[in-house]
Amino acid sequence: MNKPEISNAFTTVGRETPQINAIEKVLGKAVYSADMKMAGMLHAKVLRSPHAHARIVGVHTEEARALPGVHAVLTGDDTPTRMTGIHHKQHRILAAGKVRFIGEEVVAVVAEDEETARDAIDLIRVDYEPLPEVFDTGEALRAGTIEVHDGSGNLACEYNVVRGDVDAAFAQAALVHEDSYETHSQYAGYMEPMATLAWRTSDGRLHILTSTQTAFLQRMRIADAVEMPVSKVRVIQATVGGGFGGKTAEECNSLICAWLATRVDRPVKFVNSRLDDFQGCRSSPPEKIWIKMGVDKDGIIIAKEVKIVADCGAYEGLAGHVLQVSTVRSDNMHRYLKNVRLNGKLAYTNNPPHGALRGFGGPQAAFALNSHIAVMAEKLGLDVVEMLKRNAIKSGDTSVHGFQIGSSGLSECLDQVSDGIGWDSKKTRPKDIGVKRRGIGFGTAIHVSGNREMGNWDGSTVIAKMAPDGRVTLMTGECDMGQGAFTMLAQCCAHELNIPLSQVTVLPTDTDMSPYGHGSIASRVTILAGNAAIKAAREVRERLLTLASEKLGVPKEDLDMANGEVFAKSPAPNQKIPFGDLARLHIYRAGGEALQVTATYDPPTFLAMATPEQYGNVAPGYSFAAQAAEVEVDTETGQVRVLETFVSDDCGKALNPLAVHGQTCGAAVMGIGWALYEQMRYEDGRLLNGNFADYTMPTADSVPYIQSGIVESMEPNGPYGAKGASETAIVPGAAAIANAVYDAIGVRIKTLPITPEKILAGLRAKQAAQDASGASR
Amino acid sequence: MSKKTIEVVVNGRTHRAEVPARRMLSDFLRDDLFLTGTKRGCETGVCGCCSVLIDGEVIKSCLSLAVHADGHEVTTIEGLAVDGVLHPVQEAFVNHGGLQCGYCTPGFIMTTVAMLNDNPNPTEDEIRHGLNGNLCRCTGYVGIVESIKAAAEKLRGN
């Protein structure tokens, strides 16, 4: 958006700005879903399936029902017969007839207190008739394998994209290299387990206070599943204790709680235990990725073929979208790439379902791609940073899939990281030969800021209201999940009206009152809601100036505003009027009304997913990142430690550097966790480590001080030039670490996570190969 | 379920209550005293969201029984600010990016208060080591470490 000339002495744009609700958070006063209480509130618990695939032949609930304090014991047979899900409607609110994964919700209990609900769960007996199970995607897709969903062939979805003449390009290539990579599943690991409080009012409406990134998508899903009109369902966003993709519209805590509230006469609260949360979550889809890449003698990528098989788990949810991203998006980083052949298959298995997680398929693809490029750079004798720079897409380019790159700071990110970590000197220093060996590696990333994929609207609406005291209240359908989205909106509004940030309040999303919004997904909020907030604030500004001009008898062009007042600029210095007076005047006049503005920004993007070609500009902006990691590998224990890492994020313009650095550092550490420490470990579909002692997320002690750099490429579509900054930095880290490990010890780990066992096995294999070649000489 | 009467000083105020023997301190604080600033994140003593001080020492209130607090002084996140003025550790977390979603924040702040009482001038390694009982998914710990350095400096009177 073009920036008009306004004075903005009070602006915080571009300045380190604490979150607008930071003080209530440090005081312990912020209210999260589990903190809410209502008179007469009951508590819910669920019994989960111990079988990965089984027929439910009998549910015995008599003893549980008889327990004093128990209000309801409900099974799948009590749930509406209508199926629920994102695209494929595949399951009921509680499992009916069949269970398809270990952890699937089978019976729900509602009781006076949590302890009684838990005790009642222990009294329920379910008879199962086990069915054959399938856990491996390769086996799932073979003809004759049992089907998780009848008639599906276990193929949830498939993408095929072909552009240019990939075979001809491979024939011309100076070097062609192919290899396979595997990634594992990551848990969102937000510190606040899912929690919901739901109640009905006497008018028959259903109210749901929950921890969500997407209040309106939740309303749509819940209304559909409980068979109520959307207008009778209200979703209210509580303070959200982290989301990272895990609190969109896939998890079932909110759905079950909402439905239970329709079955009892009192409010129902359902708080996930951490084990519930591990078992009921949608973690990221594991992927097997095969890449064949052709480059010319200068390292320019000219041909790429990719085949991905991703594990969906038992239900599709958003995993299909995630796979689409893994299949297609990373191609758009490379400006000369015109020939691609891509195939992505998503397989149903009896593993727990996978779905949305920060990066949304980007980390999987980037691990394989950046590992692959590092191998090819070495074969060509090229510095990998130089190769990445030669291929880096630039502002003004249109990529192979039709992404119109309004701004790209990818090359600048590479330079900044390279300088920041001392790439040249570290790369050329003598190799360590002792027990502990250091190495350094690089990774790059592209991410969208918004993504047109729902009903050909990727807009955002902001309502700005000025109260009679001159303060502004903003309402949005997007959600703050802790990333600071509301602070960003307040900053945009305060900037336009030249008022202190404290004069702006942003209300949590309430579907009864807030304007519709898809929610906080696809790094869309800054670029879309930010623009809507600016548009709304500018309209407020215009109305204030018009009224003030009438009131003061001063032409509008001679007026300006600061600190909650409109004032005449030069000829009559004492002529001024407070916002509050103007807000009252806006109402109390013939034909007046409260000063309230609704503004929508829908970006100039294309619904590519709806076309067979899947070609076009899906996002108003694309964010880029580069990361270098220096690791130390202990060749005796196999331990890998990240000594130093530098990550640069091209977020267009850092509206709030405190928030951007915070998001970047958090994402980078989540990436380190995925690469080295975190893994959902399954044995025949059973999660073995559903707790924080065994699912090891990084602690402060296990990671270095993350060095985070910002590149401001000034996105033409962005609010003050900004793009999304919350997901990009999770994308490049795993590859940077894997490449650094290779640099340190000459062992390439192609299957994540990088564990000591794999390091030691790799070292042994390398030694054996050396011994063999020595012996044969 | 047997019950026991306990007397606990919480944030300077004496509470006498009859609690079930199996009641966890975190539940007692949250559900009986309505001090919901103390969070529950794992119920197994790993995440540290429920950290509170007992007689100045940091403990995991999800692993402690309420009856164990009998006769002791408990400080929760609600007990740090005095007359609406933030404790220096709280102030530092606001200004130095020590928080994002805020859910782990009360636990980190309580751990920090205890850490700086024991060691007013910690090195970065000592800070990171001292945070091993607390998990944060948002910040990557950089903002938290910066906040603790700033708070330590302020508390030392610099």
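**Two chains, one predicted model**

Of the 158 residues in chain B, 56% count as buried. Keep in mind that this is a predicted model.

Let me stay with chain B. It holds five helices and five strands. Along the sequence the pattern reads β-β-α-β-β-β-α-α-α-α. The radius of gyration is 16 Å, and the globule rule gives 15 Å for 158 residues, so chain B is as compact as a globular protein of that length. The C-alpha trace of chain B spans about 50 × 30 × 25 Å along its principal axes. Now the contacts. Take those in chain B between residues at least 6 apart in sequence: 60% of them join residues at least 24 apart.

How is chain B divided? The domain assignment gives domain 1, residues 3-79, and domain 2, residues 88-155. Their C-alpha centres lie 21 Å apart. At the boundary, 15 residues of domain 1 of chain B are in contact with 13 residues of domain 2 of chain B. On the domain 1 side, S3 and S4 of chain B are the elements that give two or more residues. S3(B) gives the most, with three residues. That side of domain 1 of chain B divides into seven nonpolar, six polar and two charged residues.

Those two strands deserve a closer look. Strand S3 of chain B covers residues 51-54, and strand S4 of chain B covers 57-60. They pair in the antiparallel sense over four bridges. One of the partnerships is B:Ile54 with B:Glu57 in S4(B). Together S3(B) and S4(B) form a hairpin with two residues between them. In the turn, B:Asp55 has a positive phi of about 50°.

Next, chain A. Start with its open sheet. What is the strand order? S7-S15-S14-S13-S8, five strands with mixed pairing. Strand S7 (155-163) and strand S8 (175-182) of chain A are the edges, each pairing on one side only. From one strand to the next, the twist averages 5°.

At the S7 edge, eight bridges join S7(A) to strand S15 of chain A, residues 339-348. The two run antiparallel. Within this pairing, A:Tyr159 has A:Gly344 in S15(A) as its bridge partner.

Two helices go with this sheet. Helix H9 of chain A, residues 319-328, lies across S7, S13, S14 and S15 of chain A. H9 runs at about 155° to S15(A). Helix H10 of chain A, residues 362-380, packs on the sheet and touches S8 and S13 of chain A. The direction of H10 makes about 145° with that of S8(A).

Now one residue in that sheet. A:Val295 is found in strand S13 of chain A. Is A:Val295 buried or exposed? The cut-off for buried is 20 or more C-beta neighbours within 10 Å. A:Val295 has 27 inside 10 Å, so it counts as buried. Which residues does A:Val295 touch, leaving out those up to four places away in sequence? They are A:Ala173, A:Ala174, A:Leu175, A:Ile300, A:Ile301, A:Ile302 and A:Met376. Take A:Leu175 from that list. A:Leu175 and A:Val295 are 120 residues apart in sequence, yet 5.5 Å apart in space, C-alpha to C-alpha.

On to the domains of chain A. Domain 1 comprises 22-30 + 459-601, and domain 2 comprises 361-452 + 609-768. The C-alpha centres of these two domains lie 38 Å apart. In contact are 15 residues of domain 1 of chain A and 21 residues of domain 2 of chain A. Helix H14 (485-497) and helix H15 (525-552) of chain A each supply at least two residues of the domain 1 side. H15(A) gives the most, with six residues. The domain 1 side divides into six nonpolar, eight polar and one charged.

Last, the contact between the chains. How many residues does each chain give? Chain A gives 45 and chain B gives 43. On the side of chain A that touches chain B, the elements giving two or more residues are helix H1 (22-26) and helix H17 (657-677) of chain A. H17(A) has the largest share, eight residues. By type, that side of chain A divides into 25 nonpolar, 14 polar and six charged residues.

Key:
Residues numbered from 1 in each chain as written. Chains lettered and ligands numbered in written order. Predicted model: local features only at pLDDT ≥ 70, side-chain atom pairs only at ≥ 80, totals over all residues. Rg over C-alpha atoms; globule rule 2.2 N^0.38 Å. Buried ≥ 20, exposed ≤ 12 C-beta atoms within 10 Å, placed from the backbone. Contact = placed C-beta atoms within 7 Å. Pairing = 2+ DSSP bridges. Axes fitted to C-alpha atoms, helices over the stretch in contact; angles between N-to-C directions. Nonpolar A, V, L, I, M, F, W, Y, C, P; charged D, E, K, R; others polar. Domains from an automatic or database assignment.
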